[in-house]
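User: I would like to go through this model term by term and hear the reasoning behind each label. Please set the values against the cut-offs wherever a conclusion depends on them.

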Amino acid sequence: MTIPKTMKAAVLFGEGDMRLVDDYAVPQPGPGEILIKVEACAICGTDPKILAQGWPGHPPYGEFIFGHEYAGSVVDLGPGVTEFALGDRVAVEPHKGCGVCDNCRDGLYNTCLNYGNVAKGHRHYGFSYNGGYAEYACNHINSAYKIPDDMDIDLSTLITTAATSLYGIRRIGGIEAGETVVVSGPGAIGLMGVVMARLLGAGTIILTGTRAERLETGFALGADIGINVKEEDVVDRVMELTGGIGADAVLECAGTTQAAVDAVEYTKKNGRLALVGIYKEPAPLNVNKIVQWNITVAGSKAEGERSLAQALALLRRGTIDLSPLITHTFPLDDIHAAFETAEKRLQGAIKVVVKP
Ligand SMILES: [Zn+2]
Ligand SMILES: [Zn+2]
């Protein structure tokens with residue numbers, strides 16, 4: 001296949017200023033990199049914030065292509081790449097560590113100590129480095145994962161989300177078969193948390209949230225019980241549902257102060273709580289309860305330790321239909337409408353996918 005010299009891309013020119021250009025130079029894969037023909041890029045909850053405010057250390061305005069949840073096919077190989085072949089279908093993860101700091105050497109590249117240092121080899125695609133709202137994107141092989149031929153390309157963009165949920169679960173030591181799991185917050189990461197918990201053999205999965213239609217989607221994806229926190233006292237209800245002992249494992253994805261405070265209150269003695277949400281302010285957690293109840297609390301940043309590979313392994317068994325999560329698709333030309341739909345959650349939008 002001949003690769004054109006220029007491509008169409010959505011480029012950030014300033015705060016809130018996203019423009020479509022059709023003469024952006026197609027990147028060339030360097031050593032260890034592959035060129036991907038992007039076929040789908042999902043809008044993440046972080047993307048409207050990047051559009052509005054940029055990102056610390058982002059590429060210069062006028063050159064910055066964002067978007068980090070993308071999938072497509074390999075169309076060119078950089079020098080030395082033998083791990084992928086032309087035509088392979090791949091999904092990517094946003095983080096590629098420097099490879100030399102202590103954390104990277106331990107597999108914790110999501111917390112690379114050289115964050116944003118491009119010269120050191122760090123990449124945060126769609127944040128501090130160019131990403132996927134474009135016809136082509138260049139990724140290091142460490143950030144790309146082969147997807148099966150029969151996996152829908154739009155659904156493949158959800159693997160990063162799935163890996164974020166799964167990483168939270170891994171940060172608290174996994175989920176054992178039959179355990180009661182609370183997933184707090186039915187956004188895309190919470191809903192994927194339900195899917196991951198179900199595939200890992202959770203017993204009862206309780207999903208909490210404020211919107212009835214999102215809880216309904218959760219049932220379709222494997223949740224057993226929904227709690228509308230606007231209508232019921234979530235702590236009382238979880239304690240009641242668990243015979244007064246609380247949940248074995250909790251995945252807090254809502255990212256609100258109250259949700260974090262409540263999660264501590266309904267976690268079981270010796271239970272585990274993963275904080276996956278993004279919190280705007282410090283939360284007054286009941287720390288003495290965490291101590292006296294021997295509760296494990298873990299922060300969980302993005303999707304380290306090759307969680308994408310594990311999420312893919314769980315999802316490829318195909319036992320849960322993920323299609324309710326993708327509510328809208330738009331061509332790249334309509335990316336502004338796509339963002340409006342995602343940001344305002346128009347027509348019940350959950351995941352909105354842009355198709356370059
Ligand atoms: Zn994201
Ligand atoms: Zn590093």
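User: How are the donor residues of the zinc ion (ligand 2) spaced in sequence?

Analyst: This is a predicted model, and in it the donor residues of the zinc ion (ligand 2) follow the pattern C-x2-C-x2-C-x7-C. The residues concerned are C98, C101, C104 and C112, each of which contributes its SG atom.

User: What makes these four cysteines donors of the zinc ion (ligand 2)?

Analyst: The SG atoms of C98, C101, C104 and C112 lie 2.3 to 2.4 Å from the zinc ion (ligand 2), and a sulfur atom counts as a donor within 2.8 Å of the metal, so the four qualify.

User: Why is the site of the zinc ion (ligand 2) called tetrahedral?

Analyst: The angles among the 4 donor atoms run from 101 to 119°, and four donors count as tetrahedral if all angles lie between 85 and 135 degrees, so the label applies to the zinc ion (ligand 2). For orientation, the ideal angle for four tetrahedral donors is 109.5 degrees.

User: How do you know whether C101 and C104 are buried or exposed?

Analyst: C101 has a relative accessibility of 7% and C104 a relative accessible area of 12%. Because buried means under 20%, C101 is classed as buried, and C104 is classed as buried as well.

User: Which residues coordinate the zinc ion (ligand 1)?

Analyst: The zinc ion (ligand 1) is coordinated by C44 through SG, H68 through NE2 and E69 through OE, at 2.1 to 2.8 Å. Along the chain these donors have the spacing C-x23-H-E. C44 sits in the loop between strand 3 (33-42) and helix 1 (47-53), whereas E69 belongs to strand 4 (residues 69-77), so this pair ties together parts that are 25 residues apart in sequence. Both C44 and E69 are buried. Since water is not among the atoms, a site such as this may look incomplete.

User: How many disulfides does the structure hold, and why is C41 not bonded to C44?

Analyst: The structure holds 0 disulfides. For C41, the closest cysteine sulfur is that of C44, at 9.7 Å, which is too far for a bond, because a disulfide requires cysteine sulfur atoms within 2.5 Å. C41 is also buried, at 0% relative accessibility.

User: How does the radius of gyration of the protein chain stand against that of a compact globule?

Analyst: For 356 residues a compact globule would have a radius of gyration near 21 Å, and the protein chain has 20 Å, so the value agrees with the rule. The C-alpha trace spans about 65 × 45 × 40 Å along its principal axes, and the chain holds 11 helices and 17 strands. Buried residues make up 56% of the 356 residues. Of the contacts between residues at least 6 apart in sequence, 70% join residues at least 24 apart.

User: What is notable about phi in E305 and R345?

Analyst: E305 has a positive phi of about 50° although it is not a glycine, and R345 likewise has a positive phi of about 50° without being a glycine. Most residues other than glycine have a negative phi. E305 is found in the loop between strand 15 (296-299) and helix 10 (307-315), while R345 is placed in the loop between helix 11 (335-343) and strand 17 (351-355).

User: Why are E305 and R345 described as partly exposed?

Analyst: The relative accessible area is 32% for E305 and 47% for R345. Buried means under 20% and exposed over 50%, with partly exposed in between, so E305 is partly exposed and R345 is too.

User: What makes T161 a buried residue, and which residues does it touch?

Analyst: T161, in helix 4 (residues 159-171), has a relative accessible area of 3%, so it is buried. Leaving aside neighbours within four places in sequence, T161 is in contact with E69, A188, I189, M192 and K351. One of these, E69, is also among the donors of the zinc ion (ligand 1).

User: Which residues does A259 touch beyond four places in sequence?

Analyst: A259 touches S184, E252 and A254. A259 and S184 are 75 residues apart in sequence, yet 7.2 Å apart in space from C-alpha to C-alpha. A259 is found in helix 8 (residues 257-265) and has a relative accessible area of 11%, so it is buried.

Note on methods. Residues are numbered from 1 along each chain as its sequence is written. Chains are lettered from A and ligands numbered from 1 in the order in which they are written. This is a predicted model: local features need pLDDT of at least 70, side-chain atom pairs count only at pLDDT 80 or more; totals for chains, interfaces and linings use all residues. Side-chain values use heavy atoms; hydrogens and water are left out. Donors are N, O and S atoms within 2.8 Å of the metal (3.2 Å for Na, K and Ca); water is not among the atoms, so sites may look incomplete. Four donors count as tetrahedral if all angles lie between 85 and 135 degrees; four count as square planar and six as octahedral if opposite donors are over 155 degrees apart and all others between 65 and 115; anything else is irregular. Buried means under 20% relative accessible area, exposed over 50%, partly exposed in between (1.4 Å probe, protein chains only). Helices (H or I, at least four residues) and strands (E, at least two) are DSSP runs, numbered from the N terminus. The radius of gyration is taken over C-alpha atoms; the globule rule is 2.2 Å times the number of residues to the power 0.38. Contact means heavy atoms within 4.5 Å.
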